[in-house]
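User: Please take a close look at a single residue of this model, and say whether it is covered or open to its surroundings. Then carry the same kind of description on to other parts, and explain each term once for a first-year student.

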Amino acid sequence: MPPAPSRSLLLVPLLGLLWGFNWPAVRISLTEIAPWTLRAAGMTFAGLVLVAVALARGIPLAVPREQWSRLIIAGFLSIAAFNILLAFAQLMAPTSRAAILTFTMPIWATLLALPILGERFDRRRLLGLGLGISGLVCLGLPLIRSGQFSPGLALALLAALSWALGTIVTKRWPVAAPALTIAAWQLLVGGVAAGLGMLVFEGLPVPKLLSPKVAAALSFHILGAQALAYFLWFVVVARLPAGIASLGTLMVPAVGALGSVLLLGERPTATDWLGLTLVVAASGAIMIPASRKA
């Protein structure tokens, strides 16, 4: 395989920064914007951007009629429920801990793949599961003992499970369409779901002047972490090996925790940092493909 283009390699850490700093950006936005409204705006705009990119590149947006149900179900689980649950998780728990717990997604996907897809556990997956369980114990046990395990952390775990289940649905019942097309429609499905929740629980948003800090965070969330990051992700996946592309996502919880310290003033404990290290190592063992000899 020829060496990866240097410009494409630079996109990998950029993705990690965009998605990582999205965590504190969302938390800041939630101080003045209701959660359903925030998610409806973010997912809808990101979906429309991907639609525009697909049209500009000549990528078809059509999906086989009989496969729309599986696309909607996967989109609801991986995009809609995932993002909505995380918005409420960040309102109830420290953002740094929510980010770490949410990144157990690959661990839950591996567990669900055994009964649903029949995928067996190899040594790397067993190592990843062991590290992941150790990370959860480091994070959860001190909080449970001190009575600080909040409902927000439970929502973060539920979000991770929702994403994992959506991934399993996609693998078990794939959609015959380009990846960019699937992502665009799933984001729009998420936007519609969040929009309905907004109308039911919050009503139509009333225009108001946001503080400069919240306006900047919202702009970063919608333009940077949603629209630009999703576009860059598909560029990275198309140009780089899967193992290198995965390194960008491995940066997310670490950047998210660091961003929470710098921008939100949070102070993760030593067990939080240890849990973060174990969870990232677990995800790396599961996500990054093993090198194979030619």
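Analyst: Ala109 counts as buried because its relative accessibility is 13%. Here, buried means under 20% relative accessible area, exposed means over 50%, and partly exposed lies in between, with a 1.4 Å probe and protein chains only. This is a predicted model, in which local features need pLDDT of at least 70 and side-chain atom pairs count only at pLDDT 80 or more, while totals for chains, interfaces and linings use all residues. Residues are numbered from 1 along each chain as its sequence is written, and side-chain values use heavy atoms, with hydrogens and water left out.

Ala109 belongs to helix α5, residues 105-117. Helices are DSSP runs of H or I with at least four residues, numbered from the N terminus. Between the C-alpha atoms of Ala109 and Ser162 there is a separation of 9.5 Å, although the two are 53 residues apart along the chain.

A similar description can be given for Gln90, which sits in helix α3 (residues 68-92). Gln90 has a relative accessible area of 1% and is therefore buried. Its C-alpha atom is 8.2 Å from that of Val26, and 64 residues separate the pair along the chain.

Charged side chains come next. Side chains of opposite charge can pair when their charged atoms come close. The structure holds one salt bridge, a term for a side-chain nitrogen of Lys or Arg within 4 Å of a carboxyl oxygen of Asp or Glu. Its partners are Asp272 and Arg97, with 3.0 Å from N to O. This pair links distant parts of the chain, since Asp272 is in helix α12 (residues 270-287) and Arg97 is in helix α4 (residues 95-102), 175 residues apart. Asp272 is buried because its relative accessible area is 2%, and Arg97 also counts as buried, at 13%.

Helix α8, residues 179-201, contains Val192, and Gly197 lies in helix α8 as well. Gly197 has 6% relative accessibility, so this residue counts as buried, whereas Val192, at 53%, is exposed. The C-alpha atoms of Gly197 and Ala183 are 21 Å apart, with their positions 14 residues apart along the chain.

Val192 joins Leu196, Leu199 and Leu204 in a nonpolar surface patch of about 430 Å². Patches consist of residues with over 30% relative accessible area and no salt bridge; like charges are joined within 9 Å, and nonpolar side chains (Val, Leu, Ile, Met, Phe, Trp, Tyr) within 5 Å. The accessible areas come from the Shrake-Rupley method with a 1.4 Å probe, and for residues only the protein chains shown count as cover.

How values were computed:
Helix = DSSP H or I, 4+ residues; strand = E, 2+ residues; numbered from the N terminus.
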